[in-house]
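Subject: The structure, and what turned up in it

Hello,

Here is the structure I promised to pass on. Have a look at it first, and then read on for what I found.

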Amino acid sequence: MKSTWVKFAAVALSVVLAMSMVTACQPAAQDQQQGGEQQPEVKAAMVTDVGGLGDKSFNDLSNQGLERAKADFGIETRVLESKEPTDYESNIDQLVNAGYNPIFAVGFLMQDTVSKVATAYPEVTFGGIDQFFDPNPAKNVVGLNFKEQEAAYLAGVLAALLTTDTQFDPRINDDKKIGFVGGLEIPPVQRFQAGFIQGAKSVDPDIEVVSVYTGSFTDQQKGKEAATNLIEQGCDIVFAAAGQTGLGSIKSAQENNALFIGVDADQFET
């Protein structure tokens, strides 16, 4: 069991280091021979949220961590994408049956599924990204969480400083108004929103932060429409925490002469 957790810590460290708002993680052990015997081969896998790969956000970023673990530790890796919430459990079942351990489940929406499968597969170690377990359903599951509000606070400070400086960029208007686009109204996204608002208000209490939730992490058109609506209301800077939906918000900012602040992964080149 100790060896399993050492291996899990190594893979988890690589996954977590790829995330943009790391809080803390246990040191990873080198995969090396001990007593002349090779450590058991590790097959680590990941199940994406419905946003899937290509979201240029937390799914892609988690996958980068898995790829880093593959390169650093020589492990075998696999990623299964979830098209619908009903895919979560079947994807995990498929990976367990194929011998993958540990398995990472990306996103708050998979929390209930991870709680269920962790008790069904006690021999497999599960890491739930953006998942908080209280009480913990089993000893073989751990939540990997981040202080989203802290990075968002800095984003809010930046947005407030820029929206009050009309000399900075011709896209800055005279209104002290900025916007937030959220995907689903779940705790991690709510923390992004709260931090963004508090950061902006710390610069100038009179700054108005207009928020809208799209109800989706996968609908780029909804993200574009939400951002366009905010820009039409006078928001010259938009911050989105919405997965693939947020990619539509980026497009709207490009087309409507506004500034955009990215989330999770570096979205500068998006």
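A residue is called buried when its relative accessible area is under 20%, exposed when that value is over 50%, and partly exposed in between. By that rule Lys-56, with a relative accessible area of 41%, is partly exposed. Lys-56 sits in the loop between β1 (43–47) and α2 (58–73). Its backbone is worth a look too: Lys-56 has a positive phi of about 50 degrees, although this residue is not a glycine.

Please keep in mind that this is a predicted model. The mean pLDDT of the protein chain is 87, and 85% of the residues reach 70 or more. Residues 15–36 have a pLDDT below 50, and this stretch has 48 contacts in the model beyond near neighbours in sequence.

Now the overall picture. The protein chain holds eight helices and nine strands. It has 270 residues, of which 51% count as buried. If you take the contacts in the chain with a separation of 6 or more, 64% of them are between residues 24 or more positions apart.

The helix I would show you first is α8 (residues 244–255). At 1.5 Å a residue, its twelve residues should span 16 Å, and the end C-alpha atoms are 18 Å apart, which agrees. Is this helix enclosed by the rest of the structure or open? Nine of the twelve residues of α8 are buried, so the helix is largely enclosed. Among those buried residues are Gln-244, Thr-245, Leu-247, Ile-250 and Ala-253. As for their partners, the buried residues of α8 pack against β6 (177–182), α7 (220–232), β8 (237–241) and β9 (259–261).

Thr-245 also has a neighbour that comes from elsewhere in the sequence. Asp-219 is 26 residues away from Thr-245 along the chain, yet their C-alpha atoms are 4.8 Å apart in space. Asp-219 belongs to the loop between β7 (208–213) and α7, and with a relative accessible area of 26% it is partly exposed.

Following the chain past α8 brings you to Asn-257, in the loop between α8 and β9. Like Lys-56 above, Asn-257 is not a glycine but has a positive phi, here near 60 degrees. Its relative accessible area is 52%, which means that Asn-257 counts as exposed.

The helix α8 comes up again at the largest pocket, which has a volume of about 340 Å³. Of the 15 residues that line this pocket, the closest to its centre are Ile-250, Phe-260, Gly-262, Gln-267 and Phe-268. Both α8 and β9 supply at least two residues of the lining. Which element gives the most to the lining? That is α8, with three residues. Sorted by class, the lining has eight nonpolar, four polar and three charged residues.

Two peptide bonds before prolines deserve a glance as well. The bond from Asn-101 to Pro-102 is cis, with omega near 15 degrees; Pro-102 lies in the loop between α3 (87–97) and β3 (103–106). Asp-134 and Pro-135 are also joined by a cis peptide bond, with omega about 5 degrees. Pro-135 is in the loop between β4 (126–129) and β5 (141–144).

Lastly, here are two helix residues to click on. Thr-113 is part of helix α4 (residues 111–120). Is Thr-113 buried or exposed? Its relative accessible area is 14%, which is under the 20% limit, so Thr-113 is buried. Leaving aside neighbours within four places in sequence, Thr-113 is in contact with Tyr-88, Glu-89 and Ile-92.

Gln-198, in helix α6 (residues 187–203), is partly exposed, with a relative accessible area of 47%. The C-alpha atoms of Gln-198 and Gln-149 are separated by 9.0 Å, and the two residues are 49 apart along the chain.

If you have the viewer open, you could begin with α8, the helix that gives the most to the lining of the largest pocket, and then go on to Asn-257 in the loop between α8 and β9.

Best wishes

Definitions and conventions:
Residues are numbered from 1 along each chain as its sequence is written. This is a predicted model: local features need pLDDT of at least 70, side-chain atom pairs count only at pLDDT 80 or more; totals for chains, interfaces and linings use all residues. Side-chain values use heavy atoms; hydrogens and water are left out. Helices (H or I, at least four residues) and strands (E, at least two) are DSSP runs, numbered from the N terminus. Buried means under 20% relative accessible area, exposed over 50%, partly exposed in between (1.4 Å probe, protein chains only). Contact means heavy atoms within 4.5 Å. The expected span of a helix is 1.5 Å times one less than its number of residues. pLDDT is the predictor's confidence in each residue, from 0 to 100. On a 1 Å grid over the protein atoms alone, a cavity is a set of points where a 1.4 Å probe fits but cannot get out, and a pocket is an open set with protein on both sides within 12 Å along at least five of seven lines; lining residues have an atom within 4 Å of a point. Grid points are joined across faces, edges and corners, and a volume is the space filled by probe spheres set on the points. Ala, Val, Leu, Ile, Met, Phe, Trp, Tyr, Cys and Pro count as nonpolar, Asp, Glu, Lys and Arg as charged, and the others, Gly among them, as polar.
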